[in-house]
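Me: I am new to this entry and should like the terms used for it explained. Please show it to me, and I shall then ask on what grounds each term is applied.

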Amino acid sequence: MTPKVQVRAPGKINLALHVGPPRPDGYHPLATLFQAVSLYEDVVAEAADGVTLTIRGRGADLPTDASNLAVRAAQLLRETSGVDRGVALTLTKEVPVAGGMAGGSADAAATLLACDQLWGTGLGREELAELAAELGADVPFALTGLSAMGTGRGDLLTPVMSRGTYHWVLAVQGEGLSTPAVFRAFDAMHGLSADGAARAGGVAAADDAGSAGAGSAGGAEAPRVDPALLSALLSADPLVLARHLTNDLQEPALELRPELGDVLAAADRAGALAAVVSGSGPTVAALALDAPHAASVAGVMRAAEVAAEILTVTGPVPGARVLERVHARR
Ligand code: C5P
């Protein structure tokens with residue numbers, strides 16, 4: 001009997017993303033509001049000798065060796081739990097690669113949960129979340145899903161109440177953006193060096209982690225999510241939410257990829273309630289009133305030919321979950 005486990009984890013968009021000056025470890029303190037959306041990464045984990053990875057769907061040209069976050073996730077769980085079994089992972093990707101939607105993080109989260117089930121390591125959600133944080137700042141959120149505020153590197157999560165379902169139009173670019181490069185552009189724009197020190201003319205810098213805000217605040221306060229955004233999410237009213245979409249990485253992403261200005265303008269012309277670059281980009285998320293409005297905005301944006309793909313999704317959706325546990329005959 002060969003156990004086989006299928007796990008699904010969602011991509012995310014950032015409804016708000018506030019960035020502070022880099023800490024001594026190079027990471028930036030964040031205050032962000034994540035919403036998990038209905039684009040999914042599916043991982044099928046089957047018992048095997050070593051750890052192998054096959055990729056289907058998007059990203060068929062991504063590396064499948066230990067530089068892939070899914071492989072690292074399996075290896076990390078194996079090492080920490082002392083398991084000596086292997087896994088053959090098959091990944092089917094829907095989330096854009098290097099799109100600012102945490103697709104790679106969703107792969108890692110799904111793999112952690114799938115291998116935990118396959119190997120019977122029986123880690124709780126909390127222990128899995130700790131391993132997730134070791135793998136990357138966005139991985140813990142892919143485990144929990146729904147809506148959450150992220151602080152620290154984005155990995156310290158506080159669940160947030162959200163009412164209703166929001167309809168989004170995503171403009172996906174053919175070529176991704178490097179997250180570290182976008183953070184570097186953020187630093188350059190704010191006159192910050194990589195260790196958080198402000199150069200002449202820059203904003204106030206942090207003495208220690210998280211003590212200053214270089215981004216939207218531009219002053220010496222820790223980045224924080226506007227409480228009005230939290231209220232907006234309780235309203236279930238997209239018109240209210242539309243007023244609170246914000247992203248400190250939008251400008252640096254636009255600097256690296258000026259065409260994103262055309263995407264934002266096209267979303268506006270198409271009648272989107274608001275549009276914002278998701279995370280470090282280049283995916284743009286445009287908010288619609290409801291499903292028919294999203295279809296109409298998507299149609300107009302498609303005709304504008306500003307993106308490789310225009311998708312419609314909804315959020316919030318749950319985090320990583322087991323879809324199927326199969327005991328097949330070998
Ligand atoms: O944690 P993760 O590997 O996803 O982050 C990728 C890169 O993005 C980091 O190496 C860092 O350059 C940048 N980053 C950052 N501050 C954060 C999150 C990511 O500077 N809070």
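Me: Where does the ligand sit?

Reply: The model is a predicted one. In it, the ligand sits in the largest pocket. The term "sits" applies because more than half of the atoms of a molecule must lie within 2 Å of the grid points of the pocket.

Me: Which residues are around the ligand, and what makes them count as near?

Reply: Gly 26, Tyr 27, His 28, Leu 30, Gly 136, Ala 137, Arg 153, Thr 179, Pro 180 and Phe 183 are around the ligand. Each counts as near because one of its heavy atoms lies within 4 Å of the ligand. Helix 5 (residues 179-189) provides the largest share of this shell, three residues.

Me: What makes the approach of Tyr 27 to the ligand a polar contact?

Reply: An N or O atom in the side chain of Tyr 27 is 2.9 Å from an oxygen atom of the ligand. The cut-off for a pair of N or O atoms is 3.5 Å, so this pair is a polar contact. The side chain of His 28 likewise has an N or O atom 2.7 Å from an oxygen atom of the ligand. For Arg 153, a backbone N or O atom lies 3.0 Å from a nitrogen atom of the ligand. Taken alone, the ligand exposes 460 Å², and the protein buries 73% of that.

Me: How do you know that strand 3 and strand 4 pair?

Reply: Strand 3 (residues 51-57) and strand 4 (residues 86-93) are joined by seven bridges. Pairing requires at least two bridges, so the two strands pair. They run parallel, and Thr 54 has Thr 90 in strand 4 as its bridge partner.

Me: Why is the unit of strand 3, helix 1 and strand 4 called left-handed?

Reply: A right-handed crossover would run clockwise from the first strand over the helix to the second, with the strands pointing away from the viewer. The β-α-β unit of strand 3, helix 1 (residues 69-81) and strand 4 is left-handed, so its path does not meet that description.

Me: What makes strand 5 a partner of both strand 2 and strand 6?

Reply: Strand 2 (residues 30-48) and strand 5 (residues 147-151) share four bridges in the antiparallel sense. Strand 5 is also joined to strand 6 (residues 156-159) by four bridges, again antiparallel. Each count meets the minimum of two bridges, so both are pairs. Phe 34 stands opposite Ala 148 in strand 5, while Gly 150 has Leu 157 in strand 6 as its bridge partner. In the hairpin of strand 5 and strand 6, four residues lie between the strands, and Gly 152 takes a positive phi near 65°.

Me: Which peptide bond is cis in the loop between strand 9 and strand 10?

Reply: The bond from Gly 281 to Pro 282 is cis, with omega near 5°. Pro 282 lies in the loop between strand 9 (274-277) and strand 10 (284-288).

Technical notes. Residues are numbered from 1 along each chain as its sequence is written. This is a predicted model: local features need pLDDT of at least 70, side-chain atom pairs count only at pLDDT 80 or more; totals for chains, interfaces and linings use all residues. Side-chain values use heavy atoms; hydrogens and water are left out. A polar contact is a pair of N or O atoms within 3.5 Å; within protein, one must be able to donate a hydrogen and the other to accept it, and residues adjacent in sequence count only if both atoms are side-chain atoms. Accessible areas come from the Shrake-Rupley method with a 1.4 Å probe; for residues, only the protein chains shown count as cover. On a 1 Å grid over the protein atoms alone, a cavity is a set of points where a 1.4 Å probe fits but cannot get out, and a pocket is an open set with protein on both sides within 12 Å along at least five of seven lines; lining residues have an atom within 4 Å of a point.
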